[in-house]
Amino acid sequence: MRMPPGRLLLARVTALPAIAVSAWLLVTFPLLALGVFTPVAAGIVGVPAVVAACALVPRLIPEPGPRRPGTKGADDDLWSVVALVLVLAIAVAFAAVQILYHAEALVIRRDPASYAMYTAWIAENGYLPIPQQRELIAGDDPALSYQSLAHYQRDDVIWPQFMAGAPLLTSIGYWLGGLTGMLVTTPVLGALGVLTFGGLTARLVGPRWAPLAALVLALCLPQQWVSRFTYSEPVTQILLLGGLVLAYDALARRTALTDRWSGAHTLAAAAGLSFGLGLVVRIDVLRDLLPVVGFVGLLLLARRGQALPLLGGLAVGVGLGLHAGFGLSLPYLEYLEDSLDPLLLISGAVVAVTVAATAALWRSGVPRVHRVRWLPEAVAVLSLLVMVGFAIRPLLWPDYGHGSDFTDNWVAYVQGREGLLVEGSRTYYDMSLYWVGWYVGLGTVLFASLGVALLLRRVVLRRDPQWVLPLMLLLWTVATTLLRPAITPDHPWASRRLIVLVIPAFVLLAVWFAAWLTRYCAAVADEQDRPARVHAIPAVVAVTAVGVMVVPTAVTAAGIMGYRQDVGTVEATHRLCDAIPPDASVVAVDSDLASGYMPLVRNVCGVPTAELTDPTPEAADRVVEQIHSRGRDAVLAATRAEALQAVAGGVEPERPFDVTAAMDPSTLMEPPTGHWTFRGSVWVVVIPVE
């Protein structure tokens with residue numbers, strides 16, 4: 001079999017992550033919705049779907065378009081192969097480092113452990129919701145509660161927080177290697193995100209610049225950080241950046257609305273599906289998809305055959321995402337209703353406006369904005385003014401109002417630790433552009449700002465049509481995210497809001513500007529009668545650009561990348577499960593254990609669990625008696641031995657779960673450095689049935 005040309009090989013390999021993830025989610029999410037998400041069922045339908053998609057879809061990717069003037073085909077292919085090798089090496093090194101430093105976040109304090117417990121439940125049981133199993137504890141005793149952090153009690157069941165997409169993937173690791181296998185799956189997904197981003201850069205900027213973009217993304221603290229936890233961001237990143245990759249390939253050849261089905265149509269459908277399935281992973285992807293809807297309208301006006309397949313794939317993915325939200329995560333969406341309801345209304349309005357505008361412009365086609373002489377320069381200047389506005393925002397419009405007393409108290413606590421003025425309602429959203437500068441350097445922010453101004457001018461002049469969709473999607477997400485990050489503002493935790501598209505957008509645009517500036521300097525140097533030293537300017541510019549982007553990124557990342565979080569939690573969890581008899585029912589007698597540890601006991605140890613909301617000896621005796629009446633051992637658990645001694649009738653407790661480990665810090669006005677300390681304890685008393 002003949003090896004495809006270098007550029008085609010690069011394109012095919014970097015499209016694989018999005019294709020594989022989309023195929024897996026497409027066939028396994030229905031299994032979960034039907035309650036049959038088991039290793040056997042997923043293996044029977046999921047593995048063949050992924051193998052078939054990865055074998056067939058990349059073959060449809062067309063030969064890359066014309067090479068740049070003055071480049072030789074052999075040289076271009078060689079550089080593409082070199083770029084592919086370097087990007088792969090960066091991705092593999094990234095995965096290895098993140099696996100080495102992966103976190104063991106299983107005790108729910110923030111979102112990573114919530115996703116881990118979601119994974120553990122569906123990987124072990126294959127269905128949702130989670131039964132309360134109150135009939136195995138104490139029936140309808142009013143002293144018992146089944147709700148905990150990230151787990152909502154509704155009637156006689158429990159619904160986990162968040163969406164199903166990421167747990168559907170980390171379940172693979174759980175099946176293959178238990179808790180540790182689950183925890184090292186996300187580092188691999190983060191590496192696939194780096195690979196996908198390298199492919200997008202190769203398409204939009206050029207193969208020679210792909211390794212730089214991949215390296216900056218791989219080095220930046222948020223990419224490393226989210227990949228060490230069971231976060232959903234790496235999966236979302238693969239799907240959205242992969243959607244841009246597949247859309248680029250789909251639009252490489254022109255097709256008319258009346259043309260027969262071809263590879264371009266299939267690639268467009270795959271791109272739409274990749275975009276839409278992002279909603280299965282994160283509900284806020286709905287906002288990011290709005291520009292894709294507008295772009296479909298532009299494709300229809302341009303009479304492009306890829307419009308309807310792109311729309312069809314998008315509709316299928318969004319449909320599954322809405323079922324994931326309203327069918328399997330409704331309590332979570334109810335919790336988000338203050339922000340979700342307006343987003344749903346805005347989404348409906350965008351669809352309606354797109355339909356109306358497409359119908360109104362159907363005969364005239366895409367507006368010829370390039371004929372308005374002042375418009376290209378005006379758009380470029382406006383983009384720079386917007387960036388200036390974000391830069392001066394902290395001086396003019398500091399932001400307040402979390403809408404949550406808990407968040408206010410936490411922010412006030414962190415402010416006190418940092419010696420800042422205590423204003424718990426301060427959101428720090430006005431600092432969002434500086435957050436980006438922390439993680440990839442202010443030079444990257446400057447390069448990206450200049451790059452987007454030049455690109456917008458070129459797009460308005462219809463010179464770079466391949467950039468239309470990327471700019472629509474990336475700039476919309478950057479603007480809306482920087483305007484309102486909608487997250488607790490302490491770092492590194494808040495940095496996850498930037499990593500899916502915002503930081504990749506800044507890096508991509510900065511790399512494009514560096515490439516443009518290098519080519520411009522090379523063109524000047526090639527002019528006649530230039531001194532010899534002028535010919536060195538392009539190389540100097542390129543090296544300077546690399547330094548401006550790489551060095552600050554690496555320096556910031558070094559702040560918290562040298563330790564593992566919650567080390568020892570997996571081993572302690574195994575000890576805890578071993579200490580609980582298999583036919584036991586567990587009752588948490590303090591709120592701290594109920595909040596953070598109840599899902600761990602229920603989902604991992606596999607025993608019925610509830611919280612004793614009335615932790616008095618009388619209530620504890622009553623519940624223990626009811627558990628014994630069901631022929632089961634009773635286990636009382638707490639984070640403090642004193643809490644158990646007060647209700648355990650003189651039985652001496654033991655502590656099977658005892659962890660003291662590093663954990664990530666929280667900072668508000670500077671990049672995070674160093675670490676804090678996590679201490680976790682679970683004391684238990686086993687009262688066997690007589």
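Q: Which residues form one aromatic cluster with Trp 225?
A: The model is predicted, so that local features need pLDDT of at least 70 and side-chain atom pairs count only at pLDDT 80 or more, while totals for chains, interfaces and linings use all residues. Side-chain values use heavy atoms, with hydrogens and water left out, and residues are numbered from 1 along each chain as its sequence is written. Rings of Phe, Tyr and Trp (its six-membered ring) pair if their centres lie within 6.5 Å, and the pair is called stacked with planes under 30 degrees apart, edge-to-face over 60 and tilted for the rest. The cluster joins Trp 225 with Phe 229, Tyr 231 and Trp 493.

Q: How many aromatic pairs are there, and what is the angle between the planes of Trp 121 and Tyr 127?
A: The count of aromatic pairs comes to 17. Among them, Trp 121 and Tyr 127 are edge-to-face at 5.7 Å centre to centre, with an angle between the planes of 85 degrees.

Q: Is Trp 121 buried or exposed?
A: Buried means under 20% relative accessible area, exposed over 50% and partly exposed in between (1.4 Å probe, protein chains only). Tyr 127, at 29%, is therefore partly exposed, whereas Trp 121, at 6%, counts as buried.

Q: Which ring does the charged end of Arg 303 sit over?
A: A charge sits over a ring if NZ of Lys or CZ of Arg is within 6 Å of the ring centre and within 35 degrees of the ring normal. Arg 426 lies over the face of Tyr 428, at 4.6 Å from the ring centre. For Arg 303, the charged end is 3.8 Å from the centre of the ring of Trp 362.
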